[in-house]
Amino acid sequence: MATINDVAAKAGVSTATVSRTLNGKSTVDPVLAARVQAAAAELGYHPNGLARNLRRQETAVLALIISDVENPFFTAIARGVEDIAQTAGYSVVLCNADDNEEKERRYIDVALQERVAGVVLSPTGRATNVDRLTERGTPVVAVDRPLLENTGDQVLVDTRLAARDATRHLLDGGYRRVACVSGPPGVRTAEDRLAGYTDAVGEENALTRRAEFRAEGGRLAALSLLDEPEPPDALLVGNSTMTIGVLEALAARGLRSGQDVGIVSFDDAPWTTLIDPPLTVVAQPANEVGRVAAELLLARIGDSTRKATTTTLQAKLIVRRSSRRD
């Protein structure tokens with residue numbers, strides 16, 4: 001029996017486009033819609049989503065469980081998920097786990113109770129467990145951070161490579177003592193960024209602080225580094241929220257980013273170009289992460305037997321004046 005993936009492959013479109021076309025959505029380009037209809041007819045594919053949902057007692061709702069709703073990176077992921085889900089006829093319920101394992105478990109319980117059709121999840125850390133979802137047959141796609149005990153679909157960003165390149169950028173710019181402010185132990189993205197930084201400076205030269213991915217964590221970490229006998233002249237910072245605290249610490253010490261302390265931050269938050277000097281950032285494709293995750297989830301809903309995939313996207317270094325002394 002043909003699946004929605006077969007139709008998508010034959011028509012050369014995404015599964016979301018197939019779903020929108022066959023559900024009668026008017027937003028699909030007529031040329032693409034014609035290709036989908038022709039592929040479906042040739043393969044003898046007849047979607048029966050209503051009957052499937054009735055059999056499994058699902059609702060046309062996806063749950064999105066993210067780590068921190070205040071972080072622009074995760075809100076951009078949410079927008080990408082919602083854009084794809086909405087056009088495919090699904091609603092999205094946003095759940096903010098707040099990097100708290102207990103809150104995450106409660107939201108997984110809610111997803112089970114409400115019989116959502118699928119879950120996009122940014123795991124809080126090592127303790128994240130989705131066994132109850134998979135046992136129920138609820139598809140799960142992990143974003144940003146992988147599920148350690150799960151081989152399901154996931155959409156990640158190569159932040160180790162990005163951290164290495166960002167650190168080398170600071171070194172190439174003349175900074176000689178580069179430190180790293182990274183996230184808490186056990187969080188994969190924090191570990192990867194720290195590893196990429198160490199790849200660039202070497203173990204013997206590493207100067208690091210670990211903190212929560214929050215502004216206060218960034219502030220305290222930066223103050224601790226600035227109190228070193230030989231303080232750093234540049235910082236790689238784990239995310240934009242932490243960077244707010246780092247900038248507060250520099251201001252408190254009368255230091256200026258770029259001239260006194262070079263700064264490169266992960267994530268291109270909207271405010272990063274509004275400060276003086278503008279912030280050099282590692283821009284992650286957050287919206288694309290969300291869109292790809294939603295497409296994978298819809299594909300899994302349409303065909304639970306398809307092979308699990310890991311999609312790794314690349315980040316981009318955007319150089320501005322916070323990493324230059326001139």
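This report looks at one helix pair and two buried residues in a predicted model.

Residues are numbered from 1 along each chain as its sequence is written. Because the model is predicted, local features need pLDDT of at least 70 and side-chain atom pairs count only at pLDDT 80 or more, while totals for chains, interfaces and linings use all residues; side-chain values use heavy atoms, with hydrogens and water left out.

Let us start with the helices (DSSP runs of H or I, at least four residues; strands are runs of E, at least two). Helix α10 (residues 215-226) packs against helix α11 (residues 240-252) at an angle of about 45°, with the axes 6 Å apart. Axes are lines fitted to C-alpha atoms over the stretch in contact, and angles run from 0 to 180 degrees between N-to-C directions. The contact (heavy atoms within 4.5 Å) involves A215, G218, R219, A222, L223 and L226 of α10, and on α11 T241, M242, I244, G245, V246, E248, A249 and L250.

Now for the two residues, both of which count as buried (under 20% relative accessible area; exposed is over 50%, partly exposed in between; 1.4 Å probe, protein chains only).

| Residue | Location | Relative accessible area |
|---|---|---|
| R306 | loop between α12 (286-302) and β11 (310-313) | 17% |
| V281 | strand β10 (residues 280-283) | 0% |

Leaving aside neighbours within four places in sequence, R306 is in contact with N5, D153, L296, A299 and R300. With the same kind of neighbours left out, up to four places away, V281 touches residues including V264, D267, T272, K316 and I318. The C-alpha atoms of V281 and Q259, 22 residues apart along the chain, are separated by 17 Å.
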